[in-house]
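Here are my notes after going through this one, written as numbered points. Have the model open beside you while you read.

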Amino acid sequence: MSGTAKTPADFLKAIRGRPVVVKLNSGVDYRGVLACLDGYMNIAMEQTEEYVNGQLKNKYGDCFIRGNNVLYISTQKSQ
Amino acid sequence: MAAAEEDNTVKEPLDLIRLSLDERIYVKLRGDRELRGKLHAYDQHLNMVLGDVEESVTLVEIDDETYEEIVRVDKRTIPFLFVRGDGVILVSPPLRTS
Amino acid sequence: MLFFSYFKELVGKEVTVELKNDLAITGVLHSVDQYLNIKLENTKVVNEAKYPHMLSVKNCFIRGSVVRYIQLPVDGVDVDILHDATRREARGG
């Protein structure tokens, strides 16, 4: 774990390639490996699983999430 | 610079969309709508033109008597469709063999 | 600018604009601006029975932000031109 990140931007830089949970404003969760993101918080993820109310609903090999829907991005210790 | 832009690397999220041009993609939209269609054009807002589109709308109705939730999926097809980007939640390209 | 340019080419053709409130209007595309606001002429609401108050509307201005979809005429889509324009736009940022 890199506990040295100081700013949100540092955090976002540090988590590329890591397993993450992305929560959207709708409450839906996406778990997968963060490929990259941009300044709008648009996100590209790999091996993504979609959880609605905690239940697995879908899997995507690659997926793009439009940034305006993102509530938070959180790192996972493991999948 | 120009020559290097057409490569298969994903440096920013929109590259994933760029690599899906002329491929069938899945789009999840606000309002419980999903689209499957061939991506012909897009811009940075995720405005898109899709071809041979199948739209699925998921509706949940409550039965008047039993109060059971009835999930209905309405489907329709549209030859060519412009989709405004602000309704887009997620785009998933077909599985890439790279 | 890609879609602004594209819709300018479609002026004079018939399109069906579906709004975020589910109202769908078919009409001849009269004009478009950079925000993708559009003006339609000879309009007809797709589900007239459900929206009787729209019967007398023959022309309209639609704010771009309320549009969900625009159904395009098949003869108004040149796939190769769209691909090229999209690649140019993607390079330009």
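What follows is a walk through chains B and C, point by point.

1. First, a caution: this is a predicted model. Every distance and percentage below is computed from it, so to speak of the model is all I do here.

2. Start at helix H1 of chain C, which covers residues 2-9. Its buried residues are Leu2(C), Phe3(C), Phe4(C), Tyr6(C) and Phe7(C). What do they pack against? On the chain B side, the partners are strands S2 (33-42), S3 (48-62) and S4 (69-83). From chain C itself come strand S2 (24-32), strand S5 (67-71) and helix H2 (79-92).

3. The UniProt record (an unreviewed entry) puts "domain: Sm" at residues 2-76 of chain C. Over that stretch the chain is 11% helix and 43% strand. The C-alpha atoms at its two ends are 15 Å apart.

4. Next, Lys13(C), which sits in the loop between H1 and strand S1 (14-19) of chain C. Is Lys13(C) buried or exposed? Neither, quite: its relative accessible area is 27%, so it counts as partly exposed. Setting aside neighbours within four places in sequence, Lys13(C) touches Gly27(C), Val28(C) and Leu29(C), and also Pro73(C), Asp75(C) and Gly76(C). Leu36(C) is 23 residues from Lys13(C) in sequence, and the two C-alpha atoms are 16 Å apart in space.

5. Over in chain B, have a look at Asn47(B), in the loop between S2 and S3. It counts as buried because its relative accessibility is 6%, and the cut-off for buried is under 20%. The Asn47(B) side chain makes a polar contact with the side chain of Asp43(B) at 3.1 Å. A polar atom of that Asn47(B) side chain also lies 2.7 Å from the backbone nitrogen of Gly85(B).

6. Which residues further off in sequence does Asn47(B) contact? Leaving out neighbours within four places, the chain B set is Ala41(B), Tyr42(B), Phe82(B), Val83(B), Arg84(B) and Gly85(B). Asn47(B) also reaches chain C, where it contacts Phe3(C) and Leu36(C). Phe3(C) is one of the buried residues of H1(C) from point 2.

7. Now the charges. How many salt bridges does the structure hold over all chains? The count is 18. One of them joins the side chains of Asp15(B) and Arg18(B), at 3.4 Å from N to O. These two are about one helical turn apart, because they are three residues apart in helix H1 (residues 13-18) of chain B. Both Asp15(B) and Arg18(B) are buried.

8. Another salt bridge pairs Glu55(B) with Arg33(B), with the closest N and O atoms 2.9 Å apart. Glu55(B) is in strand S3 of chain B and Arg33(B) in strand S2, so the pair ties together parts 22 residues apart in sequence. Glu55(B) and Arg33(B) are both buried. The pair also belongs to a network of salt bridges linking Arg33(B), Glu55(B) and Arg76(B) with Glu18(C), Asp22(C) and Arg68(C).

9. Last, Arg72(B) and Asp74(B), which form a salt bridge with closest N and O atoms 3.0 Å apart. Are these two buried or exposed? Arg72(B) is partly exposed, at 35% relative accessible area. Asp74(B) is partly exposed too, at 32%.

Terms used. Residues are numbered from 1 along each chain as its sequence is written. Chains are lettered from A and ligands numbered from 1 in the order in which they are written. This is a predicted model: local features need pLDDT of at least 70, side-chain atom pairs count only at pLDDT 80 or more; totals for chains, interfaces and linings use all residues. Side-chain values use heavy atoms; hydrogens and water are left out. Buried means under 20% relative accessible area, exposed over 50%, partly exposed in between (1.4 Å probe, protein chains only). Helices (H or I, at least four residues) and strands (E, at least two) are DSSP runs, numbered from the N terminus. Contact means heavy atoms within 4.5 Å. UniProt positions are given in the numbering used here, feature names are shortened, and annotations may be inferred rather than shown by experiment. A polar contact is a pair of N or O atoms within 3.5 Å; within protein, one must be able to donate a hydrogen and the other to accept it, and residues adjacent in sequence count only if both atoms are side-chain atoms. A salt bridge is a side-chain nitrogen of Lys or Arg within 4 Å of a carboxyl oxygen of Asp or Glu.
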